[in-house]
Amino acid sequence: MSRASKSKNSGGSRVKRVLLHPVGKAIVGFSVFAMVASTGIFLYFYSKYATIVEDKLARGPYANTSKLYGAPQTLSLGDELSSDDVVAALQRAGYTESRGNRMGWFHLREDGVEVFPGVDSYFEQEAHVVKFEKSRVTQIISLGDNTERTQFWLEPELITNLFDRNRERRRVVRFDDIPPIVRNALLSAEDKRFFMHAGFDPIRVLGSAWVDIKEGRNSQGASTLSMQLARSLLLTNERSWKRKIPEVLITLHLERKLTKEEIFEHYANQIYLGRVGSFNIHGLGEGAQVYLGKDLRKLTLPEAAELCGIIQSPSGNNPFRNPDRTKKRRNIVLGMMRDNKYITLDEFEKASKSEITVRQGGQESDNTPYFVDLVNDRLVTKFQDHDFQANSYRVYTSLDPNLQRAAGEAVRVGLKEVDDRLTRMGRTPAKGWPQVQVALVSLDARTGELKALIGGRDYAASQLNRALAKRPAGSIFKAFVYAAVLSSAVDGSPAPFTPISRVVDEPTTFWFSGKAYEPNNYKGEFHGSVTMRQALAKSMNVPAVKFAEQIGYGKVVQLARKAGMNTVQATPAAALGSYDVQPLEIAGAYTIFPGRGVFTQPHWIKLIRDQDGKAIFNEKPVRREALDGRVAYMTTNLLEEVMRSGTGAGARSKGFYLPAAGKTGTSHDGWFAGFTTELITVVWIGYDDYRELGLEGAYSALPVWTEFMKRAHKLRPYKRAGGFAAPDGVIQVEVDSASGKLGACGGQGRPEVFLVGTQPLESCAGGETQVASWEVDDPERHAPEAPKERPRNIAQRATSIPAATPPPEPPAPAQPAEPQRRGIFGRILEVFKK
């Protein structure tokens, strides 16, 4: 036998002896047991975590909350916009070029855009093609019957998801919607071998766990995109080596269950990108909007690198707080993209030299959360049987996202002017003064829909919604005082008031409920005999109380309550806006003026659909008649004078020239309430701690209002603002300012509005003058005299009138004895009898 054979036989014998030895048997048995046990444990835990993954994926990997949408926009023939504008609006609404998209899809062609609403669309409308020429809509064609249309509705824009209990904000995107430049930036920054590996690198994972044990710290390196997804999507926030085992098991199942594209998509929607205000920002889609102010699909190379660079350290690389660190990290990501051959050297050098992109206005301009909170509060109180945080409802609101963005910018620009004024007054943080706060409410003048809302200058610093805070209205309430006074012309009063009715503006003591009330004018200035128009334009206080007293404070309260203001009491102070109102409340009250006397309650939720598309709520606006339409127009005409020659004239000097009406207000705070034929906007400026602002409304609220209205009326839906049309029953004649007679007796004539039959009939030349189509042949008929003031006998004042019930009318102002004198309706009937 050869030596080799002997050696082989000898080795085999030794193995047999070892295996037959009791110790050898034990080792073999233990090894087999260990292998079986390990396999069983692995299968048990794999099955456990696989079940978790399956359940999570079945229910949806993200917080399943409701989505909040703005109002739909219309396209009309002749509108000035391009196909790119329409595509951008469709993408913001969730449309893509994929035909399988549930919201809808579009196809861009040379002459226009084809739009195909999906099953989740707001509309039940057919597909259309919108054609353009030289950035103007030239044709709208229904693809259903190939007929032309004059209008087309664009899908409502997604505002945000209704934040869940963790206050997460996320804007879901699909893999196909993520542009290659963003994918490449993400891969370079986080996992360049993602599409090549099997989900994790065992050596790097074990190395990371060993560092954790040896150095007693929680290293999080060596994680692939799949492992990060497993960690963020399905595990707790615990950071230790013990978590590596389930992390690996979940990663294995994700890689087996999902395609690489699906994993990438889930990661892109789940990744944490920091905290803005009180919200946690998740996903690249929301991150692009919050930090860059852009749609993810529109990012440039440096913007894509900037966004993906935030992932490494969301707090440290926050572009709002640390722009230098953000730029440094962005350039590192650009360098990785260059090394990975995703970009050229020239592209790298050009992109790395550019400035970082930060959403215009910065973090403070994102004031949509105030509106989101308002919607959320209404859903909680009105729909208690529905869980909007655990179900995918679609809530369609009245908010105009473009107008909301204009509001944010206007507040930023307008507040800078206010801050500068306060600084010159010595009101600085260094001297213990807090920042001044702001509220802005803008309603559709026709429908009462809430189109834009700002509840404060910085939601991150304070979530208090000042649009709902109650403060004294000040002089913006005078519009309702004079509307009530002018109503005397339609309620049968024998001596109706008109815009040329006069009172004396002088220091006056008013007695009410046994107490003296002595209002003062601004700077203590008094102007003698003034007309109603002059008194309102210059916001004189004493005349406002005198006019209110003569018709009865109860009449003012009645109108206020019809207009939705229920806290006003029948006292002299009511005439000067001493009672608390909300900015949203006063905006609703002002709907009676452009609305021809009809009050429309502000509303902001239009439609709610459940996850199956079934409508569970359809808005039915609350409307009621509060004021005669003719009186509403006359009051509007007086408020136009405020903008023309009164306390609101500053809006004109700042470049806002459209027909508008409004009123300044100064209490503890600054106010401005004004409107065009398109929008009603109210602005409040003041301090949260109720300290005196020290700035009139003309220098605090009006700059913000003006900046907003200039921006708003450049937007397509509001460009058509025009003059206020007079209704039937209102006449305009030239009246001498001094005498109140028809014409221009001393060269001081001006046009004035009256209810038909209340205008002056005596001309400067003497005698009565025929006006319009009225046949006046009764020589004894003449214009009603301006009501005389009541005697100022302070020992004989009225007693208090309970606020719960309107007080009785005060005695009519003293008039000369004229048995033949008739009320306005009697006079009108008599004309037709002649």
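**Close-up views of a predicted model**

**View 1. Arg394, a buried residue in a strand.** With a relative accessibility of just 7%, Arg394 falls under the 20% cut-off, so Arg394 counts as buried. This is a predicted model, so keep that in mind for every view here. You'll find Arg394 in strand β13, which covers residues 394-397. Take a look at its side chain: a polar contact of 3.1 Å links it to the side chain of Tyr396. Then there's the company Arg394 keeps from elsewhere in the sequence. Setting aside residues up to four places away, Arg394 touches Lys67, Tyr69 and Asp120, and also Leu607, Ile608, Arg609, Asp610 and Gly613.

**View 2. Leu75 and its neighbours in space.** Leu75 sits in strand β2, made up of residues 73-76. Is Leu75 buried or exposed? Its relative accessible area is 0%, so Leu75 is buried. Now pick out Thr150: 75 residues separate Leu75 from Thr150 in sequence, yet their C-alpha atoms are 8.3 Å apart in space. Thr150 is also one of the residues in contact with Leu75, once neighbours within four places in sequence are left aside. Others on that list include Leu81, Val86, Val130, Ile140, Phe152 and Arg716.

**View 3. Helices α15 and α18 packing together.** Here helix α15 (residues 478-486) packs with helix α18 (residues 553-562), their axes 9 Å apart and at an angle of about 115°. Angles of 65 to 115 degrees count as roughly perpendicular, so that's the label for α15 and α18. The crossing of these two helices, α15 and α18, is right-handed. Which residues make the contact? On the α15 side they are Phe480, Val481, Ala483 and Ala484, while α18 brings in Lys555, Val556 and Leu559. Sort the residues in this contact of α15 with α18 by class and you get six nonpolar, one charged and no polar.

**View 4. Helix α18 again, this time with α17.** Helix α17 spans residues 541-551, and its axis comes within 5 Å of the axis of α18, crossing at roughly 95°. That angle makes α17 roughly perpendicular to α18. Where the two meet, α17 offers Val545, Ala548, Glu549 and Ile551, and α18 offers Tyr553, Lys555 and Val556. How do the residues of this contact of α17 with α18 divide by class? Five are nonpolar, two are charged and there are no polar ones. If Lys555 and Val556 ring a bell, that's because they also belong to the contact of α18 with α15.

Technical notes
Residues are numbered from 1 along each chain as its sequence is written. This is a predicted model: local features need pLDDT of at least 70, side-chain atom pairs count only at pLDDT 80 or more; totals for chains, interfaces and linings use all residues. Side-chain values use heavy atoms; hydrogens and water are left out. Axes are lines fitted to C-alpha atoms, for helices over the stretch in contact, and angles run from 0 to 180 degrees between N-to-C directions. Helices (H or I, at least four residues) and strands (E, at least two) are DSSP runs, numbered from the N terminus. Angles under 35 degrees count as roughly parallel, over 145 as roughly antiparallel, 65 to 115 as roughly perpendicular and the rest as oblique. A crossing is left-handed if the near helix is turned anticlockwise from the far one by less than a right angle, and right-handed if clockwise. Contact means heavy atoms within 4.5 Å. Ala, Val, Leu, Ile, Met, Phe, Trp, Tyr, Cys and Pro count as nonpolar, Asp, Glu, Lys and Arg as charged, and the others, Gly among them, as polar. Buried means under 20% relative accessible area, exposed over 50%, partly exposed in between (1.4 Å probe, protein chains only). A polar contact is a pair of N or O atoms within 3.5 Å; within protein, one must be able to donate a hydrogen and the other to accept it, and residues adjacent in sequence count only if both atoms are side-chain atoms.
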